[in-house]
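Grab a viewer and work through a few exercises on this structure. Try each task yourself before you read its solution.

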Amino acid sequence: MIKKSFISVISHEEKEKNRGSVTFQILSLTNRIRKLSSHLELHRKDYLSQRGLRKILGKRQRMLSYLSKNNRIRYKELINQLDIRESKMR
């Protein structure tokens, strides 16, 4: 497994203040997704981790859609910072 720091877009002081904010939650979910993805590259048949990854992806998708509805500018900035594809709107 690759041992490196994943994303440190938010400083330590901001982490203490904004743990409940949508952007911080999306950031932490993205870190977990990247860690699980690197784990699944080594362990392809770990089906429980695959299920957990799908659940985390769905949760992040719901939060991203919430953010895009409420604050479109912050959504665009966050998508560019995290290097994620923009979701398709239904």
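The exercises below use a predicted model, and each task comes with a worked solution.

**Exercise 1. Salt bridges around α4**

Find out how many salt bridges the whole structure has, and work out which residues they join into one network.

Step 1. Start with the count: searching the whole structure turns up three salt bridges.

Step 2. Take the pair Arg72 and Glu86, whose side chains meet with N to O at 3.0 Å. Arg72 sits in helix α4 and Glu86 in the segment after α4, so this bridge ties together parts 14 residues apart in sequence.

Step 3. Now look at Lys76, which also bridges to Glu86, with the closest N and O atoms 3.0 Å apart. Here too the pair links distant parts of the chain, with Lys76 in helix α4, Glu86 in the segment after α4, and their positions 10 residues apart.

Step 4. Put these bridges together: through shared partners, Arg72, Lys76 and Glu86 form one network.

Step 5. That leaves Glu77 with Arg74, where the closest N and O atoms are 3.2 Å apart. Both of these residues belong to helix α4, three residues apart, or about one turn of the helix. The spacing makes sense, because an α-helix has 3.6 residues a turn and residues three or four places apart point the same way.

Step 6. Check exposure, keeping in mind that partly exposed runs between the 20% and 50% cut-offs. Arg72 comes out at 36% relative accessible area, Glu86 at 40% and Lys76 at 36%. For the other pair, Glu77 has 41% and Arg74 has 24%. Each of these residues counts as partly exposed.

**Exercise 2. The two sides of α4**

Work out which residues of α4 are buried, and what they pack against.

Step 1. List the buried ones: Tyr75, Leu78, Ile79 and Leu82.

Step 2. Look down the helix axis. The buried residues of α4 fall within an arc of 100°, so they line one face of the helix.

Step 3. Turn to the face pointing away from that buried side, and you'll meet Ile73 and Asn80, which are exposed.

Step 4. Finally, see what the buried face meets: its residues pack against α2 and α3.

**Exercise 3. The largest nonpolar core**

Identify the residues that touch the most other members of the largest nonpolar core, and the elements that give two or more residues to it.

Step 1. The core has 16 residues, and those with the most contacts to fellow members are Ile26, Leu64, Leu78 and Leu82.

Step 2. Sort by element: α2 (22-42), α3 (47-70) and α4 each supply two or more residues. The top contributor is α2, with six.

Step 3. Zoom in on Leu64. Leaving out residues up to four places away in sequence, Leu64 touches Ile26, Tyr75, Leu78, Ile79 and Ile84.

Step 4. As background, nonpolar side chains in soluble globular proteins tend to be buried together.

**Exercise 4. A buried arginine in α3**

Which side chain of opposite charge is nearest to buried Arg60, and how far away is it?

Step 1. Get a feel for the helix. α3 has 24 residues and reaches 35 Å from first to last C-alpha, close to the expected 34 Å.

Step 2. Pick out its buried residues: Ser49, Leu53, Ile56, Arg60, Met63, Leu64, Leu67 and Ser68. Their cover includes α2 and α4.

Step 3. Look for a charge partner. Arg60 has no salt bridge despite being buried, and the nearest side chain of opposite charge is Asp83, 10 Å away. A salt bridge needs atoms within 4 Å.

Step 4. See what Arg60 does touch: Ile26, Leu29, Thr30, Ile33 and Ile84, again not counting residues up to four places away in sequence.

**Exercise 5. The residue after α4**

Decide whether Asp83 is buried or exposed, and find the sign of its phi.

Step 1. Locate Asp83: it lies in the segment after α4 (72-82).

Step 2. Read its backbone. Asp83 has a positive phi of about 60° without being a glycine. That's worth flagging because most residues other than glycine have a negative phi.

Step 3. Check accessibility: at 67% relative accessibility, Asp83 is exposed, since the cut-off for that class is over 50%.

Conventions. Residues are numbered from 1 along each chain as its sequence is written. This is a predicted model: local features need pLDDT of at least 70, side-chain atom pairs count only at pLDDT 80 or more; totals for chains, interfaces and linings use all residues. Side-chain values use heavy atoms; hydrogens and water are left out. Helices (H or I, at least four residues) and strands (E, at least two) are DSSP runs, numbered from the N terminus. Buried means under 20% relative accessible area, exposed over 50%, partly exposed in between (1.4 Å probe, protein chains only). A nonpolar core is a set of buried Ala, Val, Leu, Ile, Met, Phe, Trp, Tyr and Cys residues joined through side-chain atoms within 4.5 Å. Contact means heavy atoms within 4.5 Å. The expected span of a helix is 1.5 Å times one less than its number of residues. Lys and Arg count as positive and Asp and Glu as negative; His and the chain ends are not counted. The arc is that of the directions from the helix axis to the C-beta atoms.
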